[in-house]
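I opened the notebook to record what I looked up in this structure. The entries follow in the order I made them.

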Amino acid sequence: MLNWLKRFTLSLFSDSQAKESVRYGFGGILLSSVLALIFLFLGVFAGKTVPFGAYYGGADDFRGFIYNALIGSDTAEPISVTVKDGKAEVTSGGKAVLINTFTEEDDRQKYSVNGYQLIVDSREVADIYDDFEAYCIDRDGGEEITYEEYLKLDAQNKKQYRFAVRYTGVQKVITDADAAGYADYISASGDDEAKEELKKLQDKRGELTAQEYNDGVYELYVKSYYPDVYSVTGENVPTLRTYYYRLTLKSGGKYLCLFGDMVIASFESYGGGALTFGGYYKDGNNLFANGTAEGGSGAVDKFFKALYYDGLSMLFLMELLNSITVIVFAELIIVGCMLVCYGICKFKKIKLCDTLGKSAKLVASYAHVGALLAAVAALCLGFVLKGTAVTAVTFGVFALILLVRTVILLLREAKAQPNSAEPEAGGDGD
């Protein structure tokens, strides 16, 4: 057991331990690969999340911007955030507010500081439909026509246009009369699937509120009348959430959005580039105008750090579900180094790893320790790199560790081979 532990932990640093691993079975390959995946995943996650406090502390312009909004200034009325049951009510002067510095000049004058943009809307924006405008654009000249004009074209001319949606930022209000008209359209012109869905909706109308029913009919209508809407917008019906998201794309990575269910922000800090994050409210994480007993700026800092760190468990699960990238790249690097090892041994006639099985055992004997070192590097690099750069450099460090270790070991073996005996075959064979 002690000998195995030495081989398993010291192969990256000891030639003798690495070469000894070639004599044993293939079980170590699986264990090493699994540990490498775990170390790399945890390292990348830590590298992306742990440094948040340092980046936030170094974002002087961003903090000046949020202090202006949440503590107030000579021109800006302070904003309060009160959280109950995971939902926030955002107010100013005791009244709910809508703030959009992208589109409203008065809001821009008050709240747009240091080039940052502010959006405040504590409604359920993900469930509020946008009163969007559908139109079509000529693929060659870019000329716009209305969607109604497009529908009148013959099949050949329709190919010259592409469907587009213009968000307005205005809530779509659906009356009972509107819903009745949409239902009539589906009954007359919808496909069989839409008609069947409408019938199901009408059958359970008594179980729904008027708004739920009207929204359901409107969604079916949009799907029937604008069949390309999902491919263009990524949602069945355009919502205010996506309207706001599209606005943030014009901010240059400098914005703060306070919604009723979550906060989304992007700010610049030292090292260049923007750091984007989202956080969910937690009961008790309130922020009252002019700060709390801890002081204005201290309360704001605590509020945002709590938003971020309270959401790490959910972020961890999301990253875990999307960990296919880590798995693919980690295994490609390990397999790639195994093939490099085998190729060098064949070319240099090195007997240590003259089969793929032996090459796999050798590289696997130190892959997990290399991944652990790469994970530590990821945590450190997270303080100078952001986002996907942390992932990319971590994999680069991992690949470099394995490659350098393999090449150095094989060069030493090639030099010593004329005076060395071939390693004894053992384990379960190759």
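How many bridges join E6 to strand E7 (residues 144-146)? I looked this up in the predicted model and found three bridges, with E6 and E7 running antiparallel.

**Entry: around E6.** I took one residue pair from this pairing: Cys136 has Ile145 in E7 as its bridge partner. I then looked at the hairpin of E6 and E7, where five residues lie between the strands. In that hairpin I noted Gly142, whose phi is positive, near 80 degrees.

I turned next to the pairing of E6 with strand E8, residues 161-166. Six bridges hold these two in the antiparallel sense. Here I found Glu133 opposite Arg166 of E8. I also checked the cover of E6, which spans residues 133-138. Five of its six residues are buried, and I wrote the strand down as mostly covered.

A general reminder to myself: strands of a sheet pair through backbone hydrogen bonds, either parallel or antiparallel.

**Entry: the sheet of E1, E2 and E3.** I looked up the strand order and got E1-E2-E3, an open sheet of three strands with antiparallel pairing. Strand E1 (80-84) and strand E3 (95-96) are at the edges with a single partner strand each, so one side of each has no neighbour in the sheet. For strand E2, residues 87-92, I counted two bridges to E3, in the antiparallel sense. I noted Ser92 opposite Lys95 in E3.

**Entry: the whole chain.** I listed 18 helices and eleven strands for the protein chain. Why do I call the chain more spread out than a compact globule? Its radius of gyration is 30 Å, and the globule rule gives 22 Å for 430 residues, so the value is well over the rule. I also took the box filled by the C-alpha atoms, which is roughly 90 × 65 × 50 Å along the principal axes.

**Entry: burial, contacts and surface.** I found that 44% of the 430 residues are buried. For contacts between residues at least 6 apart in sequence, I noted that 68% join residues at least 24 apart. The chain exposes about 21900 Å², and I recorded that carbon and sulfur atoms supply 56% of that area.

**Entry: charges.** I looked up the charged side chains last and found 42 positive and 54 negative. The centres of the two sets lie 12 Å apart.

Notes: Residues numbered from 1 in each chain as written. Predicted model: local features only at pLDDT ≥ 70, side-chain atom pairs only at ≥ 80, totals over all residues. Heavy atoms only, no water. Helix = DSSP H or I, 4+ residues; strand = E, 2+ residues; numbered from the N terminus. Rg over C-alpha atoms; globule rule 2.2 N^0.38 Å. Buried < 20%, exposed > 50% of the residue type's maximum accessible area, 1.4 Å probe, protein only. Contact = heavy atoms within 4.5 Å. Areas by Shrake-Rupley, 256 points an atom, 1.4 Å probe, with all protein chains shown as cover. Lys, Arg positive; Asp, Glu negative; His and termini not counted. Charge placed at Lys NZ, Arg CZ, Asp CG, Glu CD. Pairing = 2+ DSSP bridges.
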